[in-house]
Amino acid sequence: MKRFFAGFLSLTIAAANTMGCIAETNTDETTIVMEIGSPTATVNGVETEIEPGEDVSPVISEGRTLVPLRFLAESLGFEVEWDAETKQITITKEADSKILEEDEIYEVETETTDEDDENMININISIGDKEFEAVLYDNKTAKAFAEKLPVTYDMSELNGNEKYFYMEDSLPADDIDPKIMNTGDIMLYDSNYLTIFYDTFVPSYYSYTPMGYIVNPDGLSEAVGSGDVTVTITK
């Protein structure tokens, strides 16, 4: 299975597992190690906060590993400037520069091992006459939810981008503050709210526990519609 991270720079990534550590190397001189959901990283063996005073960390969303671009670039000797008026990011090193639009994403392909794939749980999500393939991560929250399957929930509409269902039984939670929600993300809010996002957006202040994602979310928004919807999830 292939994984991606968002950012500009041609880099080499070694992914330990879906919810574990990621190690990124640019040259023989600079090695950066980050952990999913952790606000700290090590640069050439020295531990440092990614964004002092802020809860900024790498996250996995829709099968992609998203890493903090400014921290990554500056750790590798680049200068990063943000123009609020034009909403552009300029990344410069010596005489070379690259301007990124606010919503521009550069993807670098990485590989995970067969063992990583085997640890993820394949599920199916049925909404009306539409079926979607999805996977649950190899974490305690997703595993606890998998034990409940199959389930059928009448999910409620919220904010024009998500459907949620309140489960009477709590699941073990391990909250993070995701920097982006992608269409198809499956999350746990608090310890009882199963949430499926059908639109991509940047959350303002909520914390979630990542559970998995819909592999190909094309048509998800149309399937769930604008109101409450019945969703069946099976293994």
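This briefing walks through the salt bridges of the structure above and how accessible their residues are. The model is a predicted one, and it holds three salt bridges. Each pair gets its own look below, with the side-chain contact and then the surroundings.

**Lys143 and Asp138**
- Here the salt bridge joins Lys143 to Asp138, and their closest N and O atoms lie 3.0 Å apart.
- Lys143 has a relative accessible area of 43%, which makes this residue partly exposed.
- Its partner Asp138 is also partly exposed, at 29% relative accessibility.

**Lys148 and Asp169**
- Lys148 pairs with Asp169 in a salt bridge whose closest N and O atoms are 3.8 Å apart.
- This pair connects distant parts of the chain, with the two positions 21 residues apart in numbering.
- Lys148 sits in the loop between helix 3 (140-146) and strand 15 (151-158), while Asp169 belongs to the loop between strand 16 (162-166) and strand 17 (185-189).
- With a relative accessible area of 26%, Lys148 is partly exposed.

**Glu157 and Lys163**
- Glu157 forms a salt bridge with Lys163, and the closest N and O atoms of this pair are 2.5 Å apart.
- The two ends fall into separate accessibility classes: Glu157 is partly exposed at 22% relative accessible area, whereas Lys163 is buried at 1%.
- Lys163 counts as buried because its relative accessible area of 1% is under the 20% cut-off.

Note on methods
Residues are numbered from 1 along each chain as its sequence is written. This is a predicted model: local features need pLDDT of at least 70, side-chain atom pairs count only at pLDDT 80 or more; totals for chains, interfaces and linings use all residues. Side-chain values use heavy atoms; hydrogens and water are left out. A salt bridge is a side-chain nitrogen of Lys or Arg within 4 Å of a carboxyl oxygen of Asp or Glu. Buried means under 20% relative accessible area, exposed over 50%, partly exposed in between (1.4 Å probe, protein chains only). Helices (H or I, at least four residues) and strands (E, at least two) are DSSP runs, numbered from the N terminus.
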